[in-house]
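Grab a pencil and have the viewer open. Below are some exercises to work through, each with its solution.

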Amino acid sequence: MAENMLEVRDLLVDVGGKRILNKVNLDVASGESRVLFGPNGSGKTTLLMAILGIPGYEIAGGSIVFNGKDVTKWSIDERARHGIGFGFQQPPEVVGVKLGDMLKVCEGRKTSEHLSDEAAGLAERLDMASYLDRDVNVGFSVGERKRSEVLQLLLMKPRLMLLDEPDSGVDIDSLSLIGGVIQEYLKKKGASALIITHQGHILEHIKAGRACMLIKGSMYCYNKPGKVLEDIRKKGYEGCIKCHNQSLTSGKR
Ligand SMILES: Nc1ncnc2c1ncn2[C@@H]1O[C@H](COP(=O)(O)OP(=O)(O)OP(=O)(O)O)[C@@H](O)[C@H]1O
Ligand SMILES: [Mg+2]
């Protein structure tokens, strides 16, 4: 296994012909959970979409190395097969596909087969057992969608979990369910995670070593999650940019 599960180097990403990410650099070590903060519209989701290889997120420069392999030009299918998994900020509805069947697909089983004990057990733990006969996310509340997303994602057994605001719109009990199963999975498998959060609530359950901050498409302030969050709360994002620029000019970095 590579020392770094993910290495993003000088990444430039365009969406709709507009430059959204500007020379972004980021590492996630093997077995590490790393946190990404940043204001609305700063490009956090764009970064995760580009790492997964979603069409429309055009890589205009730089590279993405996953588990020692340069995947910059790989398709989304290839990246997913090699172990990059995504938990969407707004998990989409899949009309006509039952959640139970989707879980079988996530596990690589045929829909005609029975649900595995593991999938059934995880559905139970995430309080989703009574949703298996419903179309994926159709009519689900925000918190139910997030639990359904985590359930699907964990059954795909990713080596790197890209989690886009797993704690947004989620109540305290659901947060504890989601955070608990993710942390258990990461520890058991030695998997890595890159987690976007605004308020840091998920960090009550998932142990993260380092954090960074994306502002207007550029990366700032690589530090411990608690310290980065404290700085954001104290100085605001504009204050963080000023602090960063001051430390650059005073040669402290
Ligand atoms: N097709 C598009 N054309 C132009 N701009 C786009 C397009 N898609 C996204 N953007 C812009 O890219 C920027 C980054 O969006 P992104 O979703 O990555 O932000 P974010 O940091 O995840 O924000 P949030 O915290 O609100 O989820 C936004 O300003 C958004 O409007
Ligand atoms: Mg976003």
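What follows is a set of exercises on a predicted model, each with a worked solution.

**Exercise 1. Helix 5**

Check whether the length of helix 5 agrees with its residue count, then work out how enclosed the helix is.

*Solution.*
- Step 1: Helix 5 covers residues 142-155, which is 14 residues.
- Step 2: The expected span is 1.5 Å times one less than the number of residues, so at that rise helix 5 should span 20 Å. Its end C-alpha atoms are 20 Å apart, so the two values agree.
- Step 3: Now go for burial, where the cut-off is 20 or more other C-beta atoms within 10 Å. The residues of helix 5 that pass are R145, K146, R147, S148, E149, V150, L151, Q152, L153, L154 and L155.
- Step 4: That makes eleven of the 14 buried, so helix 5 is largely enclosed by the rest of the structure.
- Step 5: And what does the covering? The list includes strand 6 (84-87), helix 3 (99-106), helix 4 (117-125), strand 8 (135-136), strand 9 (160-164) and helix 6 (172-189).

**Exercise 2. Two lysines with positive phi**

Place K23 and K157 in the fold and say how exposed each one is.

*Solution.*
- Step 1: K23 has phi near 55 degrees, a positive value in a residue other than glycine. K157, also not a glycine, has a positive phi near 50 degrees.
- Step 2: K23 sits in strand 2, while K157 belongs to the loop between helix 5 and strand 9.
- Step 3: Count C-beta neighbours within 10 Å. K23 has 13 others, so it is partly exposed. K157 has 14 others, so it is partly exposed.

**Exercise 3. The open sheet**

Work out the strand order of the open four-stranded sheet and find its edges.

*Solution.*
- Step 1: The order is 2-1-4-5, and the pairing is antiparallel.
- Step 2: Strand 2 and strand 5 (69-70) each have a single partner strand, so they are the edges and one side of each is left without a neighbour in the sheet.
- Step 3: Strand 1 (residues 4-15) pairs with strand 4 (residues 57-66) over eight antiparallel bridges. To find the register, look at E7, which stands opposite V65 in strand 4.
- Step 4: Strand 1 also runs antiparallel to strand 2, joined by eight bridges; here D14 stands opposite R19.
- Step 5: The hairpin of strand 1 and strand 2 has two residues between the strands, and G16 there takes a positive phi near 55 degrees.

**Exercise 4. Strand 3 and its partners**

Decide how enclosed strand 3 is, and find which strands pair with it.

*Solution.*
- Step 1: Strand 3 spans residues 33-37, and five of the five are buried, so it is largely enclosed by the rest of the structure.
- Step 2: Recall that side chains in a regular strand alternate between the two faces of the sheet. Here S33, V35 and F37 point one way, with R34 and L36 pointing the other way.
- Step 3: One partner is strand 10 (residues 192-196), parallel over four bridges, with V35 opposite I195.
- Step 4: Strand 11 (residues 210-215) also runs parallel to strand 3, with four bridges, and M213 is the bridge partner of F37.
- Step 5: Zoom in on S33. With 26 C-beta neighbours inside 10 Å, S33 counts as buried. Beyond four places in sequence, its contacts include L186, S192, A193 and I195.
- Step 6: Turn to I195. Its contacts beyond four places in sequence include S33, V35, L36 and L163. I195 is also one of the residues, with L151, L160 and L162, that touch the most other members of the largest nonpolar core, which has 66 residues.

**Exercise 5. Around ligand 1**

Which residues are closest to ligand 1, and which element gives the most to its shell?

*Solution.*
- Step 1: Ligand 1 is surrounded by 13 residues, the closest being G16, N40, K44, T45 and T46.
- Step 2: Strand 2 (18-29) and helix 1 (44-52) are the elements that give two or more residues to the shell.
- Step 3: Helix 1 gives the most, with three residues.
- Step 4: By type, the shell has two nonpolar, nine polar and two charged residues.

Methods
Residues numbered from 1 in each chain as written. Chains lettered and ligands numbered in written order. Predicted model: local features only at pLDDT ≥ 70, side-chain atom pairs only at ≥ 80, totals over all residues. Buried ≥ 20, exposed ≤ 12 C-beta atoms within 10 Å, placed from the backbone. Contact = placed C-beta atoms within 7 Å. Near = placed C-beta within 6 Å. Nonpolar A, V, L, I, M, F, W, Y, C, P; charged D, E, K, R; others polar. Pairing = 2+ DSSP bridges. Core = buried A, V, L, I, M, F, W, Y, C linked by C-beta atoms within 7 Å.
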